[in-house]
Amino acid sequence: MLDFLDPTFIFDRAIPYLNQGLLMSLGLIVPASLIGGFIGVVMGVLRVFGSPWIRRSVDSIVAVIRGVPLTVQLMILYFGLPSVPGLKIYLSPYAAALIGFIVCTASYQSEYVRGTLLSIRQGQIKAAQALGMTRWQTIRSVIVPQAIRRALPGCGNEIIYLVKYSSLAYIVTCIELTGEAKILVSRTFRPTEVYLIAACYYLVMVSAATWLLARLEKALAIPGFGVQK
Amino acid sequence: MNARPNDTPILRAEHFTKYLSGRKILDDCSISIYPGDVKVLIGPSGAGKSTFLQCINCLLEPDEGEIWLGDRKVDVRNTRELCELRQHVGMIFQDFNLFDHLSAEDNVALAPRKVRGMNKQEALKRAHAELRRVGLEDKARLYPAELSGGQKQRVAIARALAMDPTVLLLDEPTSALDPELVGEVLTVIRDLASHGMPMIMVTHQMEFAQAVATEILFMEQGRVIEQGSPDELLAPGSQTRTQDFCVRLHDLCGGEAAAQE
Amino acid sequence: MHILSTIIEALPYILEGTLVTLLLVAGALSVGFCLGVPMAVTQVYAPKPFSRLVSFYVWFFRGVPVLLLLFLFYYGLFGLMGIDVGTVGASCLVLGMTSAAYQSQIFRGAILSLPTGQLKAGRALGFTDLQSIRTIILPQALRLSIPGWSNEYSILLKDSAMCFALGTPEIMARTHFVASRTYEHLPLYITAGLIYFLITLAGVTMLRRLEQKVRIPGYNTAGM
């Protein structure tokens with residue numbers, strides 16, 4: 001390691017290489033957080049307002065997904081499904097990773113949404129009804145605006161987790177940031193530098209996401225609201 | 001007395017019975033409101049006063065009983081009729097239940113906009129008028145967490161008034177307030193009463209009840225057991241349960257208040 | 001029935017991996033605890049430069065994926081530092097260092113939630129600050145930390161599955177090995193998932209018992 005942190009290597013070789021990986025990472029993170037977030041909200045609402053039968057089944061699906069490592073889920077999707085005789089579902093690495101991330105994010109998000117919906121005081125709903133609002137008007141004008149603000153910190157955290165767990169796509173050979181870094185290392189034998197640079201990419205993504213979420217939280221903040229007594 | 005038995009009452013709740021987890025909370029309670037009526041429900045805690053009040057606008061659905069709005073029977077299973085009933089009947093809660101995510105003016109303007117379809121400007125104008133009526137126009141932009149308990153309750157009253165209710169239900173409006181804040185809320189309520197707003201009120205403020213009530217209903221174990229004008233029920237030596245209850249209440253609270261001073 | 005016999009044959013081998021997984025989790029929790037407690041105390045009580053240092057550590061380890069950290073340390077930094085701890089040791093250390101970042105924040109939150117009068121009362125009795133922290137603050141803060149800690153356990157358990165990328169012979173690595181030979185991927189991975197699920201459940205139940213046991217009457221840990 002004579003030329004440790006050699007600028008030519010970093011700027012001409014490593015960064016262009018890792019930028020490609022970054023694109024793939026974003027290609028996983030953005031759709032997974034959007035679609036997963038949406039499904040998570042639906043699941044959370046079902047877990048609170050659904051019929052007992054629906055509530056119980058969604059609850060148990062979430063419990064299983066949260067109790068099993070994402071690594072195992074990805075392996076099942078990518079290696080497991082094709083081995084089912086008669087079914088033979090072959091997923092591309094990208095599809096397997098994306099589906100795994102969506103399922104995982106949705107389950108964790110639903111947990112926050114559920115907690116938030118349960119935390120809205122009964123009195124708020126009663127007051128809306130007493131003014132003659134319909135169920136739908138109550139949900140739209142009172143429950144949702146309060147729920148969004150309460151759920152934002154938790155759901156934002158989940159997106160940050162997703163940024164980091166997107167590195168697991170490497171396990172199902174979907175080559176994103178971590179995967180590209182691994183390949184570059186195997187060609188150049190400079191693990192410390194390459195992995196450190198890749199780490200910086202993640203740090204930037206995570207810090208940017210944290211900053212944006214804090215901005216959003218501040219923009220939506222209401223004096224005294226959300227301070228739990 | 002304002003009651004004119006020959007006219008149709010504005011609102012009539014008849015033969016209400018309500019069970020909660022197998023226990024009979026309300027047992028055949030009835031009440032009717034004529035223009036200018038201020039009816040006060042009193043009684044020991046657990047007597048079913050709040051339940052009765054919440055059944056009148058169907059926040060709790062009574063198991064038996066009928067609600068009449070004027071000369072029309074309200075079908076509470078019909079969402080449209082139910083919402084219409086609730087628009088006519090304003091409600092003030094013990095713990096205010098202001099919408100925590102909205103400022104005072106938006107709290108008042110929300111229902112006129114969403115339920116009555118006013119445009120935003122019109123609704124806000126109305127909200128300011130109502131806030132002025134309760135003496136809080138300067139606090140219009142503040143959020144519930146920035147208001148004192150008494151101010152919150154006054155905003156809640158403004159919120160109910162903005163829907164032009166024909167009757168106002170008040171569920172212990174001063175019980176959650178610090179003693180020094182009770183007065184400002186009672187002043188607003190007394191003012192409304194003197195302008196002829198019909199009300200049904202649950203309260204433990206006996207002196208206030210005696211001063212503004214046109215009729216007192218004494219409840220115990222889910223039943224209305226005594227009913228009459230304050231003068232009848234509260235006359236010294238009238239030997240009514242109401243009078244007995246009030247004397248005991250006064251001994252307890254009055255003694256305490258005297259000790260505090 | 002062929003599937004069932006494959007699983008039964010592979011089970012002892014995979015269960016051996018379970019021991020490795022549990023070792024990883026126990027090791028990582030301990031490393032995280034030993035680093036996390038002093039880090040939390042530093043962050044709350046030490047002068048700015050020190051607490052800044054801890055904040056930087058927390059920022060780094062919470063911002064970089066565990067998988068990348070495993071690669072960075074195992075293939076890179078440990079070699080540079082001349083440390084050779086094998087795959088199990090490296091996995092344990094990396095998971096532990098990551099966990100330290102998270103655990104320090106759990107402890108920090110717990111310390112900050114204690115009333116400030118506690119430290120004052122200690123000082124008034126003539127304790128040095130370090131003594132008060134050790135004998136008054138930490139015993140309370142650690143009790144408050146148990147719910148967060150049990151969460152950390154299940155997170156570490158799931159994260160430990162990534163260590164198979166280094167070839168650490170834990171549940172996943174062994175399952176993958178058997179699966180790639182027998183081509184019974186699905187049943188084997190489901191078995192692995194079931195094992196993880198059961199260990200999570202067992203661990204969380206145990207920690208809940210611990211919480212009951214160290215509870216001080218009237219001292220509320222709910223809602224933390």
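**Entry 1: helix 7 and helix 8 of chain A**

I looked up how helix 7 (residues 177-188) of chain A packs against helix 8 (residues 191-220) of chain A, and I found an angle of about 165° with the axes 9 Å apart. I note that the model is predicted. Angles over 145 degrees count as roughly antiparallel, and I therefore recorded helix 7 and helix 8 of chain A as roughly antiparallel to each other. For the handedness of this crossing, I entered right-handed.

**Entry 2: residues in the contact**

I then listed the residues that make the contact. Helix 7 of chain A contributes A:L177, A:T178, A:A181, A:L184, A:V185 and A:T188. From helix 8 of chain A, I noted A:P191, A:V194, A:Y195, A:A198 and A:Y201. Sorted by class, the contact of these two helices holds nine nonpolar residues and two polar ones, and I found no charged residue in it.

**Entry 3: chain C**

I turned next to the secondary structure of chain C and counted eight helices and zero strands. Reading along the sequence, I wrote its pattern as α-α-α-α-α-α-α-α.

For the extent of chain C, I took the C-alpha trace along its principal axes, which spans about 70 × 45 × 25 Å.

I also checked burial: of the 224 residues in chain C, 42% are buried. Finally, I examined the contacts in chain C between residues at least 6 apart in sequence, and I recorded that 79% of them join residues at least 24 apart.

Terms used
Residues numbered from 1 in each chain as written. Chains lettered and ligands numbered in written order. Predicted model: local features only at pLDDT ≥ 70, side-chain atom pairs only at ≥ 80, totals over all residues. Axes fitted to C-alpha atoms, helices over the stretch in contact; angles between N-to-C directions. Helix = DSSP H or I, 4+ residues; strand = E, 2+ residues; numbered from the N terminus. Parallel < 35°, antiparallel > 145°, perpendicular 65-115°, else oblique. Left-handed = near helix turned anticlockwise from the far one by under 90°. Contact = placed C-beta atoms within 7 Å. Nonpolar A, V, L, I, M, F, W, Y, C, P; charged D, E, K, R; others polar. Buried ≥ 20, exposed ≤ 12 C-beta atoms within 10 Å, placed from the backbone.
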